[in-house]
Amino acid sequence: WGWSEAKHAFEWLFWAGRITTAYRRGFERYYDLPERVLPQAILDLPVPSVEDAHRQLLRISARAHGIATYGDLRDYFRLAPGDTRARIEELVEMGELLPVKVEGWDKPAYLHKDARFPRRMEARALLAPFDPVVFERTRTEKLFGFRYRIEIYTPAEKRQYGYYVLPFLLGDRIVARVDLRADRPAGVLRVHAAFAEAGAPAETAAQLFDELKQMQAWLGLETIEVTPAGDLGPALADISVS
């Protein structure tokens with residue numbers, strides 16, 4: 001990454017909790033002292049032990065996942081292996097995590113005690129490459145049968161789907177992916193290509209376009225322009241001009 005010695009020092013102080021992120025501009029992080037960033041009510045809380053902190057992080061991870069393997073639980077907050085195994089066993093003994101088996105998985109899994117199976121799933125979202133649903137690619141493949149790789153560092157001629165591709169979640173499935181660019185100078189949300197997953201429902205293009213309209217609005221762009229590339233591109237283009 002070409003970090004300077006000063007950048008290395010700032011990052012060490014950040015990971016040690018001596019400084020924190022006040023705000024960002026693009027990818028650039030602006031640092032400040034924690035007491036000038038965090039609310040006083042947070043600063044006044046007692047400092048937990050390392051073990052209690054790891055247990056609490058794993059509780060949050062388990063609630064977020066619903067069902068997860070040891071690796072899933074550990075990866076959510078990037079905990080070290082030595083900090084995780086014993087804490088998970090303790091949470092099992094406390095009845096907060098329930099060991100379960102998942103058909104097709106070759107590793108044991110854990111279910112949070114408060115997890116509930118909803119009658120219906122009404123989710124609809126374009127997922128950023130770093131969204132927790134798709135960030136851990138192996139888990140995404142296990143849950144959705146959806147193979148996802150970000151191709152921004154892949155030479156253009158070798159890309160399969162595009163430069164900056166967002167998966168599209170509809171209900172409890174990832175049904176499509178779309179290559180997008182926010183052209184701010186022109187005020188246009190550009191759809192370079194769109195691809196449907198196998199078995200995607202008939203309403204996928206219409207639902208995706210509605211979600212794109214929402215994205216256009218919160219980005220403050222004036223219009224959407226769709227290039228009819230990819231197997232879903234033509235249907236999306238037809239909707240955009242209708």
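**His65, a helix pair and Gln216**

Leaving aside the neighbours within four places in sequence, His65 is in contact with Asp72, Leu73, Tyr76 and Arg139, and I should say at once that we are looking at a predicted model. His65 is found in helix α3, and its side chain reaches the backbone oxygen of Ser61 at 2.8 Å. Is His65 buried or exposed? Its relative accessible area is 17%, and since buried means under 20%, His65 counts as buried.

Let me stay with helix α3, which covers residues 50-65, and turn to its partner, helix α5, which covers residues 85-93. The axes of these two helices come within 10 Å and cross at roughly 70°, and because angles of 65 to 115 degrees count as roughly perpendicular, that is how we describe α3 and α5 relative to each other. The crossing in which α3 passes α5 is right-handed. Which residues make the contact? On the α3 side they are Glu51, His54, Arg55, Leu58 and Arg59, while α5 contributes Arg87, Ile88, Glu90 and Leu91. If you sort the residues of this contact by character, you find three nonpolar, one polar and five charged.

Finally, please look along the chain to helix α8, residues 204-219, where Gln216 is found. Gln216 is also a buried residue, with a relative accessible area of 8%. What is Gln216 in contact with, once we leave aside its neighbours within four places in sequence? The residues in question are Leu189, Leu221, Glu222, Thr223 and Ile224.

Note on methods
Residues are numbered from 1 along each chain as its sequence is written. This is a predicted model: local features need pLDDT of at least 70, side-chain atom pairs count only at pLDDT 80 or more; totals for chains, interfaces and linings use all residues. Side-chain values use heavy atoms; hydrogens and water are left out. Axes are lines fitted to C-alpha atoms, for helices over the stretch in contact, and angles run from 0 to 180 degrees between N-to-C directions. Helices (H or I, at least four residues) and strands (E, at least two) are DSSP runs, numbered from the N terminus. Angles under 35 degrees count as roughly parallel, over 145 as roughly antiparallel, 65 to 115 as roughly perpendicular and the rest as oblique. A crossing is left-handed if the near helix is turned anticlockwise from the far one by less than a right angle, and right-handed if clockwise. Contact means heavy atoms within 4.5 Å. Ala, Val, Leu, Ile, Met, Phe, Trp, Tyr, Cys and Pro count as nonpolar, Asp, Glu, Lys and Arg as charged, and the others, Gly among them, as polar. Buried means under 20% relative accessible area, exposed over 50%, partly exposed in between (1.4 Å probe, protein chains only). A polar contact is a pair of N or O atoms within 3.5 Å; within protein, one must be able to donate a hydrogen and the other to accept it, and residues adjacent in sequence count only if both atoms are side-chain atoms.
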